[in-house]
Amino acid sequence: MIKVHHLNNSRSQRILWMLEELGVDYEIIKYFRDKETNLAPDALRDVHPLGKSPVMEDNAVKIAESGAILEYLTDTYGKGKLKPTAGTPQALQYTEWMHYAEGSAMLPLLLALYVGRLGKAADPLWPRIFGEITNNLTYMNNALSDQPYFAGTEFTACDVQITFALEAANSTNALADFSNLKDYLERMQARPAYKRAIELGGEYSLGA
Ligand SMILES: N[C@@H](CCC(=O)N[C@@H](CS)C(=O)NCC(=O)O)C(=O)O
């Protein structure tokens with residue numbers, strides 16, 4: 001049976017959502033962030049050296065990194081679903097967005113989170129950070145101007161991956177001027193599998 005090491009309010013919510021989309025049985029092992037530091041508990045270090053979530057086990061397989069987990073799940077359990085046909089232009093879009101979410105979109109959002117704790121000392125950094133957040137949101141918003149999903153006309157696993165970055169942006173109201181992204185996020189959060197995963201995963205204030 002698949003086991004998901006799931007931390008509240010975290011990227012592992014993606015994995016629960018994906019498993020619900022696939023209709024695969026799984027067990028959730030829950031971990032809770034420290035109320036003061038917001039960090040993961042030490043128990044996650046017993047699961048993986050980085051001590052982060054998500055980590056997923058599937059019998060002998062143990063895998064971290066949400067993008068890698070989503071790809072493993074589509075390849076192993078997707079039966080051709082949730083991923084474009086190899087060799088098509090959509091497959092290339094799929095790969096790009098799958099990597100882009102963690103490789104590019106999250107960086108300025110995380111910088112804003114950390115730099116925000118510096119008070120006045122952060123002032124020289126804000127123009128660059130906000131500039132990059134806007135740059136990335138504009139790029140994503142434009143990608144949805146002529147197609148409903150990031151890899152074309154079908155919902156795929158790269159939408160699961162991107163949605164977390166959009167939720168992180170939305171939690172600071174940064175999507176206000178990006179109507180395609182706002183509409184897209186509403187559509188993602190209205191999916192029955194998304195809603196089931198939220199109920200199962202527990203606290204997830206990013207989705208609010
Ligand atoms: N790029 C990794 C990021 C993993 C990650 O940073 N997870 C966060 C939760 S969103 C975490 O476990 N943070 C707790 C901590 O750093 O103590 C992925 O996509 O899986």
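Two residues are in contact here if their C-beta atoms, placed from the backbone, lie within 7 Å. The structure is a predicted model.

**Exercise 1. Describe how helices H3 and H4 pack, and state which residues of H3 meet H4.**

*Solution.*
Step 1. The two helices span residues 89–115 (H3) and 126–143 (H4); their axes come within 9 Å and cross at roughly 150 degrees.
Step 2. Angles over 145 degrees count as roughly antiparallel. H3 is therefore roughly antiparallel to H4.
Step 3. The handedness of the H3 and H4 crossing is left-handed.
Step 4. From H3, the residues Ser104, Ala105, Pro108, Leu109, Leu111, Ala112 and Val115 take part, and they meet Ile129, Glu132, Ile133 and Asn136 of H4.
Step 5. Sorted by class, the contact of H3 with H4 holds eight nonpolar, two polar and one charged residues.

**Exercise 2. Determine the relative orientation of helices H5 and H6, and list the residues through which they touch.**

*Solution.*
Step 1. H5 covers residues 157–170 and H6 covers residues 179–189; the axes come within 10 Å and cross at roughly 120 degrees.
Step 2. The range from 65 to 115 degrees counts as roughly perpendicular, and angles over 145 as roughly antiparallel. H5 and H6 are therefore oblique to each other.
Step 3. The crossing of H5 past H6 is left-handed.
Step 4. H5 contributes Asp159, Thr163, Leu166, Glu167 and Asn170 to the contact, while H6 contributes Leu181, Leu185 and Met188.
Step 5. By class, the contact of H5 with H6 comprises four nonpolar, two polar and two charged residues.

**Exercise 3. Identify the residues around the ligand and examine the backbone of the loop between E2 and E3.**

*Solution.*
Step 1. The ligand is surrounded by Leu7, Ser10, Arg11, Leu39, Ala40, Lys52, Ser53, Pro54, Glu65, Ser66 and Glu102.
Step 2. This shell divides into four nonpolar, three polar and four charged residues.
Step 3. Ser53 and Pro54, both listed around the ligand, are joined by a cis peptide bond with omega of about 10 degrees.
Step 4. Pro54 belongs to the loop between strand E2 (26–31) and strand E3 (55–58).
Step 5. Asn38 also has its place in the loop between E2 and E3. Its phi is near 70 degrees, a positive value in a residue other than glycine.

**Exercise 4. Summarise the secondary structure of the chain and assess how compact the chain is.**

*Solution.*
Step 1. The chain contains seven helices and four strands.
Step 2. Along the sequence, these elements follow the pattern β-α-β-β-β-α-α-α-α-α-α.
Step 3. The radius of gyration of the chain is 17 Å, close to the 17 Å given by the globule rule for 208 residues, so the chain is as compact as a globular protein of that length.
Step 4. Taken along the principal axes, the C-alpha atoms fill a box of roughly 50 × 45 × 25 Å.

Terms used: Residues numbered from 1 in each chain as written. Predicted model: local features only at pLDDT ≥ 70, side-chain atom pairs only at ≥ 80, totals over all residues. Near = placed C-beta within 6 Å. Nonpolar A, V, L, I, M, F, W, Y, C, P; charged D, E, K, R; others polar. Axes fitted to C-alpha atoms, helices over the stretch in contact; angles between N-to-C directions. Parallel < 35°, antiparallel > 145°, perpendicular 65-115°, else oblique. Left-handed = near helix turned anticlockwise from the far one by under 90°. Rg over C-alpha atoms; globule rule 2.2 N^0.38 Å.
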